[in-house]
Amino acid sequence: MAVLELVNISKHFGAIQAVSDVSLSLERGEVVGLMGDNGAGKSTLVKMMAGNFRPSHGTIRLDGAELVMHRPVEARQHGIEIVYQDLALCDNLTAAANVFLGREIRRGIGPLRILDYKAMYRRAGEIFRELKSETPPRNLVRQMSGGQRQAVAIARTMLSEAKIVLMDEPTAAISVRQVAEVLNLIRELRDRGIAVVLISHRMPDVFTVADRVIVMRRGRKVADKPIAASSPEEVTGLITGAIEQV
Ligand SMILES: Nc1ncnc2c1ncn2[C@@H]1O[C@H](COP(=O)(O)OP(=O)(O)O)[C@@H](O)[C@H]1O
Ligand SMILES: [Mg+2]
């Protein structure tokens, strides 16, 4: 059964129709590449899955049950995590502090409860190891490479039992070596049964790591097929409109 289903989802901002009548479903442990030109509606679509925007029309189902979200925190409570394009990290905090931001571990009782840094460093270290990332939990994010920063943002999604991880352009602004690192992180999530939606402009990334590709153009879904049944040429045609729909 699909873990997440969108049924005839639309979103408009005033007169702008950002997403038009999109239906799709995500299976456990599947990586879906979401592609499309700037303004195609990709970010708006995943923000609806993450509870940032309410759809204007349509239904979202999680494990078969209708899901109506009013705030992003509700998505997180349901196991839907999003890694934003800008990562939303605090540069002046350590990797561990960023992983636990808003979900800090405390010890002690009553007014004496204090932050348990030791426990947070330990748990963050475990998660980085699970992700096979060499990110030191005690280092400041400010000092980190793009790949390590991605690892911190992804580690955040692994604190809870995430079912779905949505990633908006995670490889847009990093070096080739770091891209490989991020693609490995995505594989680690997939191997744990998490469904991953990867928004990307980078054809090689999507064709390397995705099981399926969805293409959007002007708010509409124009393709949704196994990656093995498509090609970069076809996807480019769908993005630009040279190919209408498949
Ligand atoms: N918060 C918003 N308010 C008004 N218009 C928006 C907002 N977010 C996105 N849009 C518009 O919706 C359309 C789709 O944008 P977006 O989902 O960001 O596309 P993509 O991520 O594919 O580049 C664009 O025309 C964009 O200007
Ligand atoms: Mg976008």
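Visitor: Which residues are around ligand 1?

Guide: Taking as near any residue with a heavy atom within 4 Å of the molecule, the shell can be listed in full. The residues of the shell divide into five nonpolar, five polar and two charged, where Ala, Val, Leu, Ile, Met, Phe, Trp, Tyr, Cys and Pro count as nonpolar, Asp, Glu, Lys and Arg as charged, and the others, Gly among them, as polar. The residues around ligand 1 are Phe 13, Ile 16, Ala 18, Asp 37, Asn 38, Gly 39, Ala 40, Gly 41, Lys 42, Ser 43, Thr 44 and Phe 53.

Visitor: Happy to hear more; what sort of model is this?

Guide: Residues are numbered from 1 along each chain as its sequence is written, chains are lettered from A and ligands numbered from 1 in the order written, and side-chain values use heavy atoms, with hydrogens and water left out. Local features need pLDDT of at least 70, side-chain atom pairs count only at pLDDT 80 or more, and totals for chains, interfaces and linings use all residues, as this is a model that is predicted.

Visitor: Which helix or strand gives the most to the shell around ligand 1?

Guide: Helices (H or I, at least four residues) and strands (E, at least two) are DSSP runs, numbered from the N terminus. Strand E2 (16–26) and helix H1 (42–49) each supply at least two shell residues. With three residues, the one that gives the most is H1.

Visitor: Which residue is the bridge partner of Val 7 in E4?

Guide: Strands E1 (residues 4–13) and E4 (residues 57–62) run antiparallel, joined by five bridges; two strands pair if DSSP finds at least two bridges between them. In E4, the partner of Val 7 is Thr 59.
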